[in-house]
Amino acid sequence: RGRLLRAPRGLGTMGQLSSLMQIMQRAAHKAGRALNRDFGEVEHLQIARKGPADFVTAADRRAEEIIYEELNEKRPGYGFLMEERGEVRGTDKTHRWIVDPLDGTLNFMHGQPHFAVSIALERMGEIVAGVVYNPANDEMFHAEKGYGAWVNDRRLRVAARRELDTAVIATGTPFYGKPGHARFLKELHQVMGATAGIRRYGAASLDLAWVAAGRFDAFWERDLKAWDIAAGLLLVREAGGFIEELDGGKDVLTTGNIAAGGDPILGKLMEKVRAAN
């Protein structure tokens, strides 16, 4: 992993970002400002009988529209894969933005400041740049392939712990209406008994960003969408970590079954998860 020792492109002594990263961060910041304004209204809606669900759906769509317009203006012709719009084909068949305008919707709906804007750029089928931005605390996680992972202006490395009994592992639980509850409980039983702690924070993009930052030692979850994990998986790799498909498949973006972490913690987590299946 010698590439992680190089000075990152556009992040030298002048602290400047590459033009691509400037575009991505500008879009994330702009959407984040809109989400923060809407987030400030959520607590007032909690008392309504219907709750804030419709309001949050509208906030999600507004944020996605902001990102779409910003990226489409700066890189016309690029395609999109977005949570609300779905697939938008561009004239440039080699580039595609993968966007989740509001990851952690349930947290947002309940006034919990743990949510994110996630934007990744896929080039020729490979993720080459990504940002995960939590506007509630102004943390911008970002990475470009070969140039390391960062939060704001601080370099990231995955945690160095080697044993599961000292590790904190993040996961996501199947919620109401989704399949896989019994399988997840078996996996949880295996992992929980071997680790220092399990955390479920409800935003996969931030879970992966926190693995890159060493706040979590590893993460696993099933049935995620490409927009949940595209930016985060690059962050983990550029912070010196690894990505595995839980069932041995080749493409986590397609299956959505992902495990992430440093070596050797990830391998030990995979052993526990597979022991449950």
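F108 is buried, its relative accessible area being 0%. In this predicted model, the residue offers a convenient point of entry, since F108 belongs with F39 and F115 to one aromatic cluster.

The structure contains nine aromatic pairs. In one of them, the ring centres of F39 and F108 are 5.3 Å apart and the planes stand at 50°, so this pair is classed as tilted. F39 is part of helix α1 (residues 19–45) and F108 is part of helix α3 (residues 105–109), so the pair ties together parts separated by 69 residues in sequence. F39 has a relative accessibility of 17% and therefore counts as buried, the limit for that class being under 20%. A further pair is formed by F108 and F115: the centres of their rings lie 4.9 Å apart with the planes at 80°, so the arrangement is edge-to-face. Both F108 and F115 are buried.

The nonpolar cores come next. In soluble globular proteins, nonpolar side chains tend to be buried together. Here the largest nonpolar core comprises 40 residues, and F141 and I258 have the most contacts inside it. At least two residues of this core come from each of the strands β4 (116–123), β5 (126–134), β6 (139–144), β7 (149–151) and β13 (258–261), and likewise from each of the helices α5 (204–212), α6 (226–238) and α7 (252–255). The greatest contribution is that of α6, with nine residues. A second core, separate from this one, has 33 residues, including F39, V99, L102 and V117.

Which residues surround I258, when its neighbours within four places in sequence are left aside? I258 is in contact with L208, F219, W220, E221, L224, I229, L233, I243, E244, L246 and V252, once those neighbours within four places are excluded.

The helices α5 and α6 also meet directly. Their axes come within 8 Å and cross at roughly 0°; α5 and α6 are therefore roughly parallel to each other. On the α5 side the contact is made by A204, S205, L208, A209, V211 and A212, and on the α6 side by D228, I229, G232, L233, L235 and V236. The residues of this contact comprise nine nonpolar, two polar and one charged.

Strand β4 and the loop after it can be taken together. R123 is located in strand β4, and its relative accessible area of 35% makes it partly exposed. R123 and W97 are 26 residues apart along the chain, and their C-alpha atoms are separated by 8.9 Å. Apart from neighbours within four places in sequence, R123 is in contact with T94, H95 and V128. M124 lies in the loop between β4 and β5. M124 is exposed, with 68% relative accessible area, and its phi is near 50°, a positive value in a residue other than glycine.

Positive phi recurs at N152, where the angle is about 55° although the residue is not a glycine. N152 sits in the loop between β7 and β8 (154–155) and is partly exposed, with a relative accessible area of 37%. Another backbone feature is the cis peptide bond joining D263 and P264, for which omega is about 10°. P264 is placed in the loop between β13 and α8 (265–275).

Technical notes
Residues are numbered from 1 along each chain as its sequence is written. This is a predicted model: local features need pLDDT of at least 70, side-chain atom pairs count only at pLDDT 80 or more; totals for chains, interfaces and linings use all residues. Side-chain values use heavy atoms; hydrogens and water are left out. A nonpolar core is a set of buried Ala, Val, Leu, Ile, Met, Phe, Trp, Tyr and Cys residues joined through side-chain atoms within 4.5 Å. Buried means under 20% relative accessible area, exposed over 50%, partly exposed in between (1.4 Å probe, protein chains only). Helices (H or I, at least four residues) and strands (E, at least two) are DSSP runs, numbered from the N terminus. Contact means heavy atoms within 4.5 Å. Axes are lines fitted to C-alpha atoms, for helices over the stretch in contact, and angles run from 0 to 180 degrees between N-to-C directions. Angles under 35 degrees count as roughly parallel, over 145 as roughly antiparallel, 65 to 115 as roughly perpendicular and the rest as oblique. Ala, Val, Leu, Ile, Met, Phe, Trp, Tyr, Cys and Pro count as nonpolar, Asp, Glu, Lys and Arg as charged, and the others, Gly among them, as polar. Rings of Phe, Tyr and Trp (its six-membered ring) pair if their centres lie within 6.5 Å; planes under 30 degrees apart count as stacked, over 60 as edge-to-face and the rest as tilted.
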